[in-house]
Amino acid sequence: MKITNQVISDPLDFLNQIAQRAMLLYPVSSRSTIRLLNYSENATYLIEDTETGDRAILRINRPGYHIKEELEAELIWMEAIRSHSSIVVPEPITGSNGELVQLVSAGHDGQDPYHCVMFTFLAGSAPDEENESRLEIQFAKLGEITAHLHNHTSMWKDSGQLSRPTWDYETMLGSKPKWGRWQDGLDMTPERVEVLKQAAGNVSQRLSRFGKTPDRFGLVHADLRLANLLVEDEQIKVIDFDDCGFSWFLYDLASALSFMEHKDCVPNLIRAWLKGYETVRTISDEEKEEIPTFIMLRRLTLVAWVGSHSDSETAQELGAEFTHKTVELAEQYLLDRRLN
């Protein structure tokens with residue numbers, strides 16, 4: 001096996017070595033090449049057999065983010081979705097030892113091994129954010145898919161037993177934020193902190209009132225942004241369940257709007273999503289009323305992510321303007337919430 005198109009840098013060179021070791025643990029051809037697709041939270045590689053053209057996806061998980069049991073739970077849910085719904089998701093590939101999650105030694109004493117997983121390759125490309133009319137059609141379809149996903153998790157008796165993280169106010173904006181503190185976002189000033197603090201407080205109060213009853217809180221994907229969708233012809237496929245966990249069902253809508261919450265097209269996208277969702281599953285007026293709250297929750301969480309990943313390509317592309325636009329969103333959110 002050989003690595004192609006690898007980026008020359010120490011971290012990536014090390015991860016490439018981990019990828020090569022991981023390949024030996026899966027039933028793939030020795031003719032296969034490894035090409036880095038994405039390096040963010042995790043390192044994702046495309047595996048391709050040079051003779052047959054067969055492809056698979058290898059994911060090397062970021063150390064310390066998930067334990068092995070949580071990764072196994074992610075794959076168990078994906079298998080359940082494939083078996084008991086019409087939603088198209090990748091199929092987890094079992095290693096040669098019969099395990100879904102493979103442990104690869106980092107080669108350094110005292111360093112925890114890397115957790116690796118492999119999936120079947122799904123064809124398609126992410127929705128085009130700039131094609132707004134097309135995106136509305138796709139959001140209606142995404143709403144329908146999300147409703148099927150929520151019906152599945154509501155009816156699947158094992159969903160509550162999975163070892164997956166909880167995404168609520170405390171773990172996103174509270175004292176134990178998984179992605180860091182929003183206060184550490186880029187280009188924060190006392191004035192901006194004060195506005196976002198008021199917005200976060202409003203979110204906290206409204207979510208406490210909204211509650212976590214089983215009809216509105218359960219196992220969700222939690223990261224249905226455009227980058228985690230693949231469109232092929234008229235079909236939408238869902239990938240990357242790495243952040244799946246227990247949260248409000250409406251958080252899946254908020255996550256679908258990630259990084260574009262400030263755009264003028266968002267109200268139309270929300271309407272399209274709701275139209276598709278309600279063809280499958282009912283949603284109350286009370287839930288619809290709190291959609292801006294969940295969007296604000298997600299946006300503040302992303303501010304924290306950008307601040308804690310300032311060296312990442314995504315954070316650098318977003319820059320300080322992401323914080324500035326978030327403050328504008330927060331000001332409008334506070335004005336609208338005061339009127340209701």
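**A tour of helices, a hairpin and rings**

Begin by selecting helix 2 (residues 68–84) together with helix 3 (residues 132–155), whose axes come within 11 Å of each other and cross at roughly 105°. An angle from 65 to 115 degrees counts as roughly perpendicular, and helix 2 and helix 3 are therefore described as roughly perpendicular to each other. Keep in mind, as you turn the view, that this is a predicted model.

Next, show the side chains where the two helices touch: Trp77, Ala80, Ile81 and His84 belong to helix 2, and they meet Leu149, His152 and Thr153 of helix 3. Sorted by character, the residues of this contact comprise 4 nonpolar and 3 polar ones, with no charged residue among them.

Now move along the chain and select strand 9 (residues 229–232) and strand 10 (residues 235–238), which pair in the antiparallel sense over 4 bridges. If you pick Leu229 and look across, you will find Val238 of strand 10 standing opposite. The two strands form a hairpin with 2 residues between them, and in that turn Asp233 has a positive phi of about 55°.

For the last stop, turn to the aromatic rings, of which a search of the whole structure finds 8 pairs. Select Phe210, Phe217, Trp248 and Phe294, which form one aromatic cluster. Which part of Arg216 sits over the ring of Phe210? Adding Arg216 to the selection shows that its charged end does, at 4.1 Å from the centre of the ring. Finally, select Phe249 with Arg281, where the arginine lies over the face of the ring, 4.9 Å from the ring centre.

Conventions: Residues are numbered from 1 along each chain as its sequence is written. This is a predicted model: local features need pLDDT of at least 70, side-chain atom pairs count only at pLDDT 80 or more; totals for chains, interfaces and linings use all residues. Side-chain values use heavy atoms; hydrogens and water are left out. Rings of Phe, Tyr and Trp (its six-membered ring) pair if their centres lie within 6.5 Å; planes under 30 degrees apart count as stacked, over 60 as edge-to-face and the rest as tilted. A charge sits over a ring if NZ of Lys or CZ of Arg is within 6 Å of the ring centre and within 35 degrees of the ring normal. Axes are lines fitted to C-alpha atoms, for helices over the stretch in contact, and angles run from 0 to 180 degrees between N-to-C directions. Angles under 35 degrees count as roughly parallel, over 145 as roughly antiparallel, 65 to 115 as roughly perpendicular and the rest as oblique. Contact means heavy atoms within 4.5 Å. Ala, Val, Leu, Ile, Met, Phe, Trp, Tyr, Cys and Pro count as nonpolar, Asp, Glu, Lys and Arg as charged, and the others, Gly among them, as polar. Two strands pair if DSSP finds at least two bridges between them.
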